[in-house]
Amino acid sequence: LSTGNTVMKILNSQLTRRVISRTFESLRSQVQSESCVLAVCDSPVFIWPNKSVHATPEEITPNTPCEDIQQWIQTDDQESAGKRSAKKKSKKSSSSVINLRLMMELTQPGPLSAPILSKTVQRSHFLAATLPMDCVVCIGCSDTIKYACERLLEALTRQLCDMEKVTLQHMRGPTVLVPEALHFLLPEPKGLVTVVYTEGVSDSQLETQRKELHQQFELPDDRPYFRRANAYHFPNEPYKDGYLRNPHVVLTHPTLDNGKLYLVQGIYSYHHYMQDRMDDNGWGCAYRSLQTICSWFQQQGYVERSVPTHKEIQQALVDVGDKQASFVGSRQWIGSIEVQAVLNQLLGITSKIMFVSQGSELASKGRELANHFLTEGTPIMIGGGVLAHTILGVTWSETTGQIRYLILDPHYTGAEDLQLITDKGWCGWKGPDFWDQTAYYNLCLPQRPKVI
């Protein structure tokens with residue numbers, strides 16, 4: 001009896017897998033059928049890619065350049081909803097994103113037949129899942145809509161094949177896990193690539209797949225390019241947590257004679273005074289700089305835990321024996337040494353400490369700072385006197401010794417206003433005179449873990 005049950009389970013499993021494969025085959029057929037419709041978001045444009053690239057409005061033809069679609073997309077500053085935007089995207093824009101929805105036309109032309117109802121009574125196992133398909137294709141502004149549709153249909157078909165593969169791979173008995181598509185921006189010239197994972201399967205469980213991806217794209221094994229936290233965030237997608245990301249990218253970099261630019265690598269969040277309903281004005285600058293550093297490690301996929309609160313930072317220092325229990329909940333300052341200890345305790349991150357006996361010596365640290373951003377690429381916390389700042393990069397001339405520092409200032413107390421923050425220098429380039437020339441400084445240089 002036990003053997004019979006085992007055989008029955010195997011047969012049921014094989015049958016389920018065949019049904020799933022047939023379903024994916026049917027979905028691929030729908031994508032390639034004339035009922036497939038691509039709807040341009042926030043616009044009246046609909047495209048039937050398999051009907052000789054038929055589209056509405058009629059002005060749009062198969063040979064229409066992709067950039068011309070922009071003029072039909074509603075913009076935020078548009079006065080009324082049914083009106084075409086007067087502003088057309090510039091041809092020079094290299095990061096324009098056109099979002100489309102995949103739809104299926106259910107009605108067919110011709111006379112409607114009377115519905116026929118039938119009922120079949122049988123035992124069955126019903127599975128229902130919504131596939132969150134998400135494809136990206138990079139198209140030139142002058143490329144035609146016909147070419148773009150061909151590329152997009154190829155990507156959709158390929159993604160359905162990838163989703164079928166991972167669905168069957170991660171089946172757990174009669175349970176089917178939903179696949180998810182994620183986009184990753186790899187170093188040039190590889191660019192943006194799409195990978196299909198499975199919801200509910202952790203990054204650690206996907207290590208074998210991620211190693212294969214590293215080999216496929218000839219990437220080093222010491223950086224987690226394909227962890228979920230590294231998924232590409234499109235410019236038109238707001239971050240749900242409300243923090244600003246990488247405010248420095250809008251700045252104009254200073255030019256020095258024979259100078260080179262060395263910047264933080266990756267994404268970080270800007271943490272500063274008065275955020276998170278925490279009044280830390282006057283004492284929390286090092287905590288905020290530490291939070292910015294923690295956000296970097298989180299958003300590069302090195303750690304999964306959230307950015308620690310002030311109390312969690314204080315508790316970590318108590319746990320390592322650096323502070324007394326009364327420190328938790330206090331308004332006491334911390335410095336670079338404490339930042340190093342918290343990074344190690346909470347994230348398992350090691351750091352180097354650079355000691356500078358007076359601020360005037362920082363001007364001679366160009367080589368060390370440049371090498372840090374070149375090899376590690378992490379934000380640096382610098383503390384001196386009663387002030388702490390975050391260094392995001394330097395521009396340094398090896399021949400003249402000139403140096404400028406890219407500073408993210410945690411002492412800002414206002415709203416998340418990017419223009420105000422950059423115009424007023426809360427994130428900006430500073431010269432050597434920015435530092436107190438006689439104060440003692442410690443710099444915490446977090447090291448990047450060597451993990452895949």
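This is a guided tour of one protein chain, to be followed selection by selection in a viewer.

**The whole chain**

Begin with everything displayed as a cartoon, and keep in mind throughout that the model is predicted. The protein chain has 452 residues, of which 43% count as buried, and its C-alpha trace spans about 90 × 70 × 40 Å along the principal axes. Colouring by secondary structure should bring out 8 helices and 13 strands.

**The annotated span**

Next select residues 260–444, which an unreviewed UniProt entry annotates as "domain: UFSP1/2/DUB catalytic". Within this span, 29% is helix and 22% is strand, and the C-alpha atoms at its two ends lie 23 Å apart.

**Salt bridges**

Now show side chains, since side chains of opposite charge can pair when their charged atoms come close. The count for this model comes to 12 salt bridges, and a few of them are visited here.

Select glutamate 164 and arginine 28, whose side chains meet in a salt bridge with an N to O distance of 2.9 Å. The two partners are 136 residues apart, with glutamate 164 in helix H2 (residues 145–169) and arginine 28 in helix H1 (residues 2–31), and the pair thus links distant parts of the chain. Both glutamate 164 and arginine 28 are buried.

Move on to glutamate 338 and lysine 323, a salt bridge in which the closest N and O atoms are 3.3 Å apart. Here glutamate 338 sits in helix H6 (residues 336–347), while lysine 323 belongs to the loop between helix H5 (310–319) and H6, 15 residues apart. Are these two partners buried or partly exposed? Glutamate 338 is buried, because its relative accessible area is 15% and the limit for buried is under 20%; lysine 323, at 22% relative accessibility, counts as partly exposed.

The third stop is arginine 367 with glutamate 398, where the closest N and O atoms of the salt bridge are 3.2 Å apart. Arginine 367 lies in helix H7 (residues 366–375) and glutamate 398 in the loop between strand E10 (387–397) and strand E11 (403–408), so the pair ties together parts that are 31 residues apart in sequence. Arginine 367 is partly exposed, with a relative accessible area of 47%, whereas glutamate 398, at 53%, counts as exposed, because the limit for exposed is over 50%.

Finally for the charged side chains, select Glu180, Asp203 and Arg228, which are linked in a network of salt bridges.

**A nonpolar patch**

Switch to a surface display and select Val249, Val250 and Leu418, which make a nonpolar surface patch of about 250 Å². Valine 250 is found in the loop between helix H3 (207–216) and strand E7 (259–263), and its relative accessible area of 48% makes this residue partly exposed.

**The second largest pocket**

Rolling a probe the size of a water molecule over the atoms shows where empty space is left. In the second largest pocket, that space amounts to about 1,400 Å³. To centre the view there, select Ala231, Tyr239, Gly266, Ile267 and Gln300, which are the closest to its centre of the 40 residues that line the second largest pocket. Which elements give two or more residues to the lining of this pocket? They are strand E5 (179–186) and helix H4 (285–299), and the largest share of the lining, 3 residues, comes from E5.

Methods: Residues are numbered from 1 along each chain as its sequence is written. This is a predicted model: local features need pLDDT of at least 70, side-chain atom pairs count only at pLDDT 80 or more; totals for chains, interfaces and linings use all residues. Side-chain values use heavy atoms; hydrogens and water are left out. UniProt positions are given in the numbering used here, feature names are shortened, and annotations may be inferred rather than shown by experiment. Helices (H or I, at least four residues) and strands (E, at least two) are DSSP runs, numbered from the N terminus. Patches are made of residues with over 30% relative accessible area and no salt bridge: like charges are joined within 9 Å, nonpolar side chains (Val, Leu, Ile, Met, Phe, Trp, Tyr) within 5 Å. Accessible areas come from the Shrake-Rupley method with a 1.4 Å probe; for residues, only the protein chains shown count as cover. A salt bridge is a side-chain nitrogen of Lys or Arg within 4 Å of a carboxyl oxygen of Asp or Glu. Buried means under 20% relative accessible area, exposed over 50%, partly exposed in between (1.4 Å probe, protein chains only). On a 1 Å grid over the protein atoms alone, a cavity is a set of points where a 1.4 Å probe fits but cannot get out, and a pocket is an open set with protein on both sides within 12 Å along at least five of seven lines; lining residues have an atom within 4 Å of a point. Grid points are joined across faces, edges and corners, and a volume is the space filled by probe spheres set on the points.
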